[in-house]
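Got your viewer open? Let's walk through this one stop by stop, selecting as we go.

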Amino acid sequence: MVDAIVSVVVERLAATLEDKVRNEVNLVRGVKNEIRSLSDDLKKVRYVLEDAEKKGHKDKSVKDWLTRLENTTYEMDDVLDEWNYSVLKFRIEQSSDHDVYVPPKKEVWSSFVPSPCLCFKKVITRHEIALKIEEIKTRLELILAEQARFGFHEIKSQPNQPSHQSLRVQTTSLIDLEEVCGRKFESENLVSKLVGGGGGGEELGVCVLSIVGTGGLGKTTLAKLAYNNSRVMSCFELRIWICVSDPFDEVGIANEIIEGAEGSKPNTDQLERVLKCLKETISGKKFLLVLDDVWTEDSTKWEPLRICLKGGGLGSRILVTTRNERVALMMGSVKNDIHHLGHLSHEECWLLLSRIALSEKNENEHEKFQNIGNDIANKCKGLPLAAKTLGSLLQFKNSVEAWDNVLNSEIWELEEVENDLFRHLLLSYKELSPTLQRCFSYCAVFPKDTEISVADIIRRWFAMGFLGYGSDWEVRGREYFDKLAMRSLFQDFSKTSNLDESIASFKMHDIIHDFAQYLRKNVGSRMRETNCQACSPLLVSQVEKYRSLFLTREIYDPHLCDGLTSVRLLSLRRCGLRSIPEEIEKLIHLRWLDLSWNKFIAEDDLKSICKLYNLQFLLVQGCKLKEIPGEIGNLTQLKELDLNYNKLIEELPESMCNLRELESLNINLCKGLV
């Protein structure tokens with residue numbers, strides 16, 4: 001969780017030093033060494049973060065240490081951003097021979113350091129930033145000095161190659177049918193595919209069926225139901241259950257299959273000899289092989305085993321459970337043989353929850369918990385593991401008041417949920433790269449059950465800096481979305497059209513949303529000092545957690561206090577504004593601004609926005625604007641300008657030719673421009 005922001009700041013610090021060398025610019029004395037030292041310190045601390053986060057689940061002092069590290073790193077990110085803004089600002093101010101700033105033909109956007117020909121008018125700004133860097137470095141050194149007393153172990157695996165095997169639980173094929181709720185239809189359908197003839201993948205060898213779904217949805221349970229079905233038991237000569245997990249150990253898996261087939265495994269760890277033995281053991285025998293909890297997407301690890309398993313008898317089947325559709329495709333499942341597991345009904349959730357929660361209570365007590373229990377079951381939203389976790393939590397709570405407290409609590413605030421439910425979801429989260437982690441957890445900024453536009457979230461990810469600064473950011477954003485969707489972290493997809501297979505919008509399951517909120521619960525806990533009475537602490541905390549603020553109600557006199565200055569994305573859409581808030585000039589980190597469908601009266605309202613030099617997306621649909629100020633040319637980072645439905649605009653200023661980064665200009669229904 002902490003690694004997501006630490007890795008980003010390490011990259012930005014490296015970019016700062018790289019620009020300094022490339023442009024041969026002298027920084028404030030000592031700053032270069034401070035930046036290099038900060039970068040080195042953060043690189044080193046990344047090696048202990050995995051162990052620290054494990055210990056942080058049980059040790060409050062470790063959790064506090066992680067929180068201080070995370071918040072200090074976010075502050076460093078803000079300071080680097082402030083530096084970048086200062087560079088842009090002074091470049092524009094020094095273009096005194098022009099009405100607006102004319103950017104060079106080739107500009108490096110990610111640069112935090114001025115070009116050789118630039119000399120700051122206000123040298124004090126450079127010193128202020130240098131002092132902030134020095135202050136943060138001092139604070140970081142104090143935090144890192146505490147590592148020794150916690151005894152963290154260095155783990156130098158890649159972020160997407162985790163070594164957290166202790167979190168994984170070995171599964172078996174054993175099942176108590178009386179404890180299973182639902183899945184009857186899905187089980188019958190899967191059994192029919194297993195015992196039936198044909199199969200989409202048989203022309204490639206043995207048919208591979210896959211069950212795909214998020215953690216805690218019941219993939220393993222469904223596989224057990226099929227594995228232990230009487231029709232399946234009588235259909236196959238061999239039934240073998242392997243818990244694969246991560247890492248994917250080819251030799252270990254091959255040996256387990258040999259043992260499961262009652263063969264004699266060879267006394268060697270040489271893959272060639274083990275696979276030869278495996279081929280001989282299963283040759284001509286009709287088998288069902290369950291590979292539970294597969295994570296790897298590396299086809300080179302699976303291919304030797306797949307070739308070997310082709311030697312089984314006609315009608316042999318492999319059943320895979322995984323959280324990632326990419327894994328299912330890599331293993332050889334065709335689309336028709338991939339089963340995306342659905343959620344339980346509310347009734348099934350309540351039945352599962354009540355069996356556990358009411359097991360220690362006599363039947364006379366059951367009725368008084370019925371109504372509130374049903375409401376609590378609603379919080380599970382069809383996720384079996386959530387029902388089991390909440391059932392266990394309620395099992396020893398004997399008063400309606402105690403149950404009511406669970407009902408009125410946020411899922412992610414319950415300690416039992418963190419330990420029993422979220423640890424399963426953390427496995428999926430830790431498989432993601434730091435960038436994908438940030439993209440995923442950011443989605444919690446939307447209220448639950450929001451239908452989220454894919455194009456919109458990609459723009460927001462870019463504005464947050466998650467997609468880098470290359471021209472292919474939209475392609476990269478779509479790739480990131482596809483990776484998250486393939487891992488079952490999103491749901492309720494809608495397509496652009498029947499002909500277009502690309503996903504246009506999606507939703508997040510409520511429990512996944514709770515998990516994403518949990519991941520950011522400590523961010524912003526340092527909250528900025530502010531004397532503002534108008535801004536609630538919750539509002540300030542929201543900005544600190546997500547660097548975003550989306551207001552949806554009418555506010556005729558909006559107040560943007562100093563506690564909100566770290567905001568990157570701001571929406572004041574349909575807020576009934578008559579003018580743009582004066583304090584908006586303070587929001588120097590702003591990348592994305594939506595002021596659409598407000599009726600601005602003053603003709604020069606947009607001039608204050610033209611000082612937000614980092615701005616990349618400006619949406620002013622339906623604002624009854626009469627003109628666009630010439631200063632718009634100062635927004636040299638602008639990617640998108642939406643002027644849709646501003647009928648009174650008759651011309652656009654020549655300075656817009658300076659917007660060389662502009663990729664989208666919407667002047668639809670601007671009738672005066674026709």
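Which residue stands opposite Phe506 of strand 8? Select Phe506 and look across to the partner: Ile452 is the residue there. Keep in mind throughout that you are looking at a predicted model.

**Stop 1: the sheet around strand 8**

Stay where you are and add Ser453 and Ser505 to the selection; Ser453 stands opposite Ser505 in strand 8. Now show residues 452–453 and 503–507 as cartoon: these are strand 6 and strand 8, and they pair in the antiparallel sense over 2 bridges.

Next, add residues 491–495, which are strand 7. Strand 7 also pairs with strand 8, again antiparallel, this time over 3 bridges. To see one of the pairings, pick Lys495 and find its bridge partner Ile503 in strand 8.

With these pieces on screen you have an open sheet of 3 strands in the order 6-8-7, and the pairing is antiparallel. Strand 6 and strand 7 are the edges; each has a single partner strand, so one side of each is left without a neighbour in the sheet.

**Stop 2: the parallel sheet**

Move on to strand 1, residues 207–212. Strand 1 pairs with strand 5 in the parallel sense over 3 bridges. Click Ile211, then look in strand 5 for its bridge partner, His339.

Zoom out a bit: 5 strands form an open sheet here, in the order 2-3-4-1-5, with parallel pairing. Which strands stand at the edges? Select 238–245 and 338–340: these are strand 2 and strand 5, each with a single partner strand, so one side of each has no neighbour in the sheet. Direction ignored, neighbouring strands of this sheet are turned by 15° against each other on average.

Before leaving, add residues 250–260, which form helix 9. Helix 9 lies across strand 2 and strand 3 (287–294), and runs at about 155° to strand 2.

**Stop 3: a helix crossing**

Hide the sheets and select residues 422–430 and 510–519, that is, helix 18 and helix 22. They pack at an angle of about 75°, with axes 11 Å apart. That angle makes helix 18 roughly perpendicular to helix 22.

Now turn on side chains. From helix 18, the contact is made by Phe422, Leu425, Leu426 and Tyr429. From helix 22 come Ile511, Ile512, Asp514, Phe515, Tyr518 and Leu519. Colour these by type and you get 9 nonpolar, no polar and 1 charged.

**Stop 4: the cysteines**

How many disulfides does a search of the whole structure find? The count is 0. Try Cys439 as a check: the closest cysteine sulfur belongs to Cys443, and at 7.6 Å it is too far for a bond. A pair would have to be within 2.5 Å to count as a disulfide.

Is Cys439 buried or exposed? Cys439 counts as buried because its relative accessibility is 0%. Jump to Cys657 for the contrast: at 61% relative accessibility, Cys657 counts as exposed.

**Last stop: the whole chain**

Reset the view and show everything. The chain has 23 helices and 14 strands. Of its 674 residues, buried ones make up 55%. If you draw a contact map, look at contacts with a separation of 6 or more: 70% of them are between residues 24 or more positions apart.

Notes
Residues are numbered from 1 along each chain as its sequence is written. This is a predicted model: local features need pLDDT of at least 70, side-chain atom pairs count only at pLDDT 80 or more; totals for chains, interfaces and linings use all residues. Side-chain values use heavy atoms; hydrogens and water are left out. Axes are lines fitted to C-alpha atoms, for helices over the stretch in contact, and angles run from 0 to 180 degrees between N-to-C directions. Helices (H or I, at least four residues) and strands (E, at least two) are DSSP runs, numbered from the N terminus. Angles under 35 degrees count as roughly parallel, over 145 as roughly antiparallel, 65 to 115 as roughly perpendicular and the rest as oblique. Contact means heavy atoms within 4.5 Å. Ala, Val, Leu, Ile, Met, Phe, Trp, Tyr, Cys and Pro count as nonpolar, Asp, Glu, Lys and Arg as charged, and the others, Gly among them, as polar. Buried means under 20% relative accessible area, exposed over 50%, partly exposed in between (1.4 Å probe, protein chains only). Two strands pair if DSSP finds at least two bridges between them.
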